[in-house]
Amino acid sequence: MTSERPSPTMADVARRAGVSHQTVSRVLNAPQTVSAATRLRVNQAVSDLGYRRNSVARALASGHTRVIGVVVDELAFHGPASTVVAVAEAARQAGYVISLDPQDTMSTDNVSAALERHVDRAVEAVVVVSAHGWAGIDSSVADVAIPVVSVDGALGGATASVGVDQRAGATIATRHLVELGHRHIAHVAGPADWPQAVERRAAFLAALQAHGLGPGPVLDGDWSARSGHQAMHRLLGQHPELTAVVVANDQMAVGAYRAIAQSGRRVPDDISVVGFDNIPEAGFLSPPLTTVQQDFSALGREAVRLVLAALAGEPCPSRLIPPRLVVRSSTAPPGEGQTPTR
């Protein structure tokens with residue numbers, strides 16, 4: 001049995017090229033400081049020996065690991081998962097990788113421990129993706145010497161934050177139904193302990209008031225299709241005058257579709273439905289779902305841009321990214337229906 005041949009070292013390259021260890025280091029890290037002839041000899045030795053630079057050692061020596069830590073909760077949900085994917089892609093395009101530390105729940109102790117682990121891994125910054133905002137972010141971040149950027153969740157205390165304008169999303173969804181002529185509109189809301197759900201509920205009620213309408217009925221769900229089905233079933237039983245509903249996410253809208261069909265009604269002939277998120281399946285429902293799209297790619301790019309700005313000592317003001325309404329065939333004027341066109 002033969003032993004594995006040891007990997008060549010920088011000292012091996014130096015001996016092969018007939019130069020010092022320091023010269024090899026300069027060729028690899030600052031080639032402009034070395035003559036062309038010396039660079040040629042060193043690069044030839046690197047090629048002949050198959051030498052590969054130790055990226056970990058190089059990072060420790062330079063103080064730049066090019067790693068961004070990510071702390072996230074509720075990773076099973078579409079929004080947080082899509083946001084993490086977007087952050088990872090934006091980081092990769094900027095020459096960074098991410099170190100992921102998912103949490104069951106956000107709490108001061110959990111996040112403080114996660115931030116400590118990231119600091120121990122020598123990450124350059126941390127992005128906190130929180131479905132649940134919580135006041136403890138202030139104390140969690142207070143003693144962290146690296147930039148911390150928060151994404152969504154209405155977090156405070158971080159270096160900077162970025163999120164989707166939830167109020168704008170629910171406003172354009174509700175306005176769309178009002179402009180179609182609907183006057184009896186309900187809302188299937190998300191859980192009351194989620195900041196996004198709170199913002200969407202408040203915007204729904206404010207939009208109705210702005211158009212001279214009374215507050216529509218609101219029932220809470222838990223983001224699942226089952227809860228959307230249950231809430232819609234109750235709304236139809238208690239409010240037979242309803243002609244439209246704003247649902248706080250697309251999964252609950254799937255459940256709402258089933259409840260509407262089971263009641264003998266049709267979408268959009270009898271009930272128009274607007275969702276939120278624009279999940280990949282939204283355009284394949286029957287009929288295709290009108291929904292509010294959150295630009296998770298833009299969210300990831302902006303989070304990484306804020307990280308890079310903070311690392312460079314540049315201003316990094318917080319920002320809300322506007323959502324957009326994707327109009328499909330699940331909405332129409334009350335009682336008229338709509339021929340699917342897309």
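The following paragraphs lead through this predicted model, from the chain as a whole to its two sheets, the helices that lie across them, and its largest pocket.

The chain holds 12 helices and 12 strands, and of its 342 residues 48% count as buried. If one considers the contacts in the chain with a separation of 6 or more, 69% of them are accounted for by residues 24 or more positions apart.

One of the sheets is an open sheet of 6 strands, in the order β2-β1-β3-β4-β5-β11, and its pairing is parallel. At its edges stand β2 and β11 (319-321), each of which pairs on one side only. On average, and with direction ignored, neighbouring strands of this sheet are turned by 20 degrees against each other.

A convenient place to enter this sheet is strand β1, residues 67-73. Is this strand enclosed by the rest of the structure or left open? All 7 of its 7 residues are buried, so β1 is largely enclosed by the rest of the structure. In a regular strand the side chains alternate between the two faces of the sheet. For β1, Val67, Gly69, Val71 and Asp73 point one way, while Ile68, Val70 and Val72 point the other way, and the residues of both sets are buried.

On one side, β1 pairs with strand β2 (residues 97-103) in the parallel sense, over 7 bridges. The chain passes from β1 to β2 through helix α5 (residues 78-93), and this β-α-β crossover is right-handed. Two positions help to locate the pairing by eye: Gly69 has Ser99 as its bridge partner in β2, and Val72 stands opposite Pro102 in that strand. Strand β3 (residues 125-129) also runs parallel to β1, and 5 bridges join the two. Val72 serves as a marker here as well, since its bridge partner in β3 is Val129. Further along the sheet, strand β4 (residues 148-151) and strand β5 (residues 160-164) are paired in the parallel sense over 3 bridges, and in this pair Val151 has Val162 of β5 as its bridge partner.

Two helices can be placed against this sheet. Helix α5, already met as the connection between β1 and β2, lies across β1, β2, β3 and β4 and runs at about 175 degrees to β1. Helix α6 (residues 108-120) lies across β1, β2, β3 and β4 too, and its direction makes an angle of about 155 degrees with β2.

The other sheet to follow is again an open sheet of 6 strands, here in the order β7-β6-β8-β9-β10-β12, but its pairing is mixed. Its edges are formed by β7 (218-220) and β12 (324-326), each of which has a single partner strand, so one side of each is left without a neighbour in the sheet. From one strand to the next, the twist averages 20 degrees. Within this sheet, strand β8 (residues 244-247) and strand β9 (residues 272-277) pair in the parallel sense over 3 bridges, with Val274 in β9 as the bridge partner of Val246.

This sheet, too, has helices lying across it. Helix α8 (residues 166-180) lies across β6 (185-189), β8, β9, β10 (290-293) and β12, and it runs at about 165 degrees to β9, whereas helix α10 (residues 225-238) lies across β6, β7 and β8 at about 150 degrees to β6. A single residue gives a more local view of α8, the helix in which Thr174 is found. Because its relative accessibility is 0%, Thr174 counts as buried. Leaving aside residues up to four places away in sequence, Thr174 touches Phe204, Ala207, Leu208 and Val246; Val246 is the residue whose bridge partner in β9 is Val274.

The last stop is the largest pocket, which has a volume of about 280 Å³. Which residues of its lining are closest to its centre? Of the 20 residues that line this pocket, they are Phe77, Gly79, Pro80, Trp194 and Asp277. Helices α5 and α9 (195-210) each supply at least two residues of the lining, and the largest share, 4 residues, comes from α5. Helix α5 therefore appears in the account both as a contributor to the pocket lining and as the helix through which the chain crosses from β1 to β2.

Notes:
Residues are numbered from 1 along each chain as its sequence is written. This is a predicted model: local features need pLDDT of at least 70, side-chain atom pairs count only at pLDDT 80 or more; totals for chains, interfaces and linings use all residues. Side-chain values use heavy atoms; hydrogens and water are left out. Buried means under 20% relative accessible area, exposed over 50%, partly exposed in between (1.4 Å probe, protein chains only). Two strands pair if DSSP finds at least two bridges between them. A crossover is right-handed if, with the strands pointing away from the viewer, the path from the first strand over the helix to the second runs clockwise. Axes are lines fitted to C-alpha atoms, for helices over the stretch in contact, and angles run from 0 to 180 degrees between N-to-C directions. Contact means heavy atoms within 4.5 Å. On a 1 Å grid over the protein atoms alone, a cavity is a set of points where a 1.4 Å probe fits but cannot get out, and a pocket is an open set with protein on both sides within 12 Å along at least five of seven lines; lining residues have an atom within 4 Å of a point. Grid points are joined across faces, edges and corners, and a volume is the space filled by probe spheres set on the points.
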